[in-house]
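Here is a friendly briefing for a computational chemist. Take a look at the sequence and the model first, and then we can walk through them by topic.

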Amino acid sequence: MSAPRLAGLAALAGLALAGTVGAVSLTLAPAAVTEALRAGETMSIKEGGYVLGSYLLRAYNEDVILRPNSPEIDGIVLGTPFERLRYEAYLARLEGNPLTAAQATAFARTLDHKVTVRVYSHSPFSVADEDEQWQLAYRTDRVKANPDREKSYLDFFKSATMTVAGRTYTAAPVVDGPYRDNFTLPSGEADFRNLGVVNYTFDLPTMPVSGTFTLAFKDSRGVPYTVSGELSKYR
């Protein structure tokens, strides 16, 4: 995902919430591919922003305004194959390069039996302070920085788990970032922070399409997050 694709998505709570109904499908039939493609493109045409609906599992921060004791996590999104294709279609149309039907079908096949949780976050430290904090933390947590990416708080995210029907699945973090944005502190002052998206992709060939799921992970400072939902709310 490029930086323009990330722009504006820190304001997760500001996106319209429209309900979704049905059961999650881990493979998309041709009709579902067409529906997801059209739904994503329509959002771009209307220029109303990407509508997450109930795929937004939890929003913690509003826009780029940090409240007192704001958590590091801004929001958590459940990306089923349908939502991920819809999102890709939205981005492609927004960037002026809409997906063809063949491209949408090919992309859908890469999503078979996979659910990706997108965790939107920002650094708890200003850009000016983060390098120092990273070095201090590195002395006690031997994190391995990605040589192809600027080192940041994102390097400290560990694996997440998803429990469905008594079975627990694990996914390693795949990081998109760091990027940089201007946040407003509780004092009203502006402060540049790094931000990014941590993607957890669960390969779930035998996952049921209904029932309760529970997602668990920790942020870069080890603060735990647990979010539960009902699969029948999604498609």
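Arg 193 and Asp 191 are both buried, where buried means under 20% relative accessible area, exposed over 50%, and partly exposed in between (1.4 Å probe, protein chains only). Their side chains meet in a salt bridge, with N and O 2.8 Å apart; the term stands for a side-chain nitrogen of Lys or Arg within 4 Å of a carboxyl oxygen of Asp or Glu. Please keep in mind that this is a predicted model, in which local features need pLDDT of at least 70 and side-chain atom pairs count only at pLDDT 80 or more, while totals for chains, interfaces and linings use all residues. Residues are numbered from 1 along each chain as its sequence is written, and side-chain values use heavy atoms, with hydrogens and water left out.

**Salt bridges**

- By the rule just given, the count comes to 6 salt bridges.
- Arg 235 and Glu 35 form one of them, with their closest N and O atoms 2.9 Å apart. Arg 235 lies in the segment after β9 (224-230) and Glu 35 in helix α2 (residues 30-46), so this pair ties together parts that are 200 residues apart in sequence.
- Arg 235 is partly exposed, at 26% relative accessibility, and Glu 35 is partly exposed too, at 40%.
- Glu 83 and Arg 118 also meet through their side chains in a salt bridge, at 2.9 Å from N to O. That pair links distant parts of the chain, with Glu 83 in helix α3 (residues 81-94) and Arg 118 in strand β3 (residues 114-126), 35 residues apart.
- Are Glu 83 and Arg 118 buried or exposed? Both are buried.

**The chain as a whole**

- The chain has 5 helices and 9 strands, which are DSSP runs numbered from the N terminus (helices: H or I, at least four residues; strands: E, at least two).
- Read from the N terminus, the order of elements is α-α-β-β-α-α-β-α-β-β-β-β-β-β.
- Of the 235 residues in the chain, 46% are buried.
- The accessible surface comes to about 11,300 Å², and carbon and sulfur atoms hold 53% of it; these areas come from the Shrake-Rupley method with a 1.4 Å probe, and for residues only the protein chains shown count as cover.
- Among contacts with a separation of 6 or more, 71% join residues 24 or more positions apart, a contact being heavy atoms within 4.5 Å.

**The open sheet**

- Strands of a sheet pair through backbone hydrogen bonds, either parallel or antiparallel.
- Here 4 strands form an open sheet in the order β5-β4-β8-β9, with antiparallel pairing; two strands pair if DSSP finds at least two bridges between them.
- The edges are β5 (167-171) and β9, each of which pairs on one side only.
- How many bridges join strand β8 (residues 212-218) to β9? There are 7, and the two strands run antiparallel.
- Across that pairing, Leu 215 has Val 227 of β9 as its bridge partner, and Thr 214 stands opposite Ser 228 in β9.
- The hairpin of β8 and β9 has 5 residues between the strands, and Gly 222 there takes a positive phi near 85 degrees.
- Side chains alternate along β9: Tyr 225, Val 227 and Gly 229 point to one face and are buried, while Pro 224, Thr 226, Ser 228 and Glu 230 point to the other and are not.

**The nonpolar core**

- The largest nonpolar core has 55 residues, and those with the most contacts inside it are Leu 85, Val 117, Met 162, Tyr 200, Phe 202, Met 207 and Phe 217. Helix α3 gives the most to this core, with 7 residues.
- Such a core is a set of buried Ala, Val, Leu, Ile, Met, Phe, Trp, Tyr and Cys residues joined through side-chain atoms within 4.5 Å.
- Not counting residues up to four places away in sequence, Phe 202 touches several residues, including Val 117, Met 162, Tyr 169 and Leu 215.

**Around helices α2 and α3**

- Met 43 sits in helix α2 and counts as buried at 13% relative accessibility.
- Met 43 and Tyr 90 are 47 residues apart in sequence, yet 6.5 Å apart in space, C-alpha to C-alpha.
- Arg 86 belongs to helix α3 and is buried at 8% relative accessibility.
- Arg 86 touches residues including Ala 36, Met 43 and Tyr 55, leaving out those up to four places away in sequence.
- From Arg 86 to Glu 41 the C-alpha distance is 7.8 Å, with their positions 45 residues apart in sequence.
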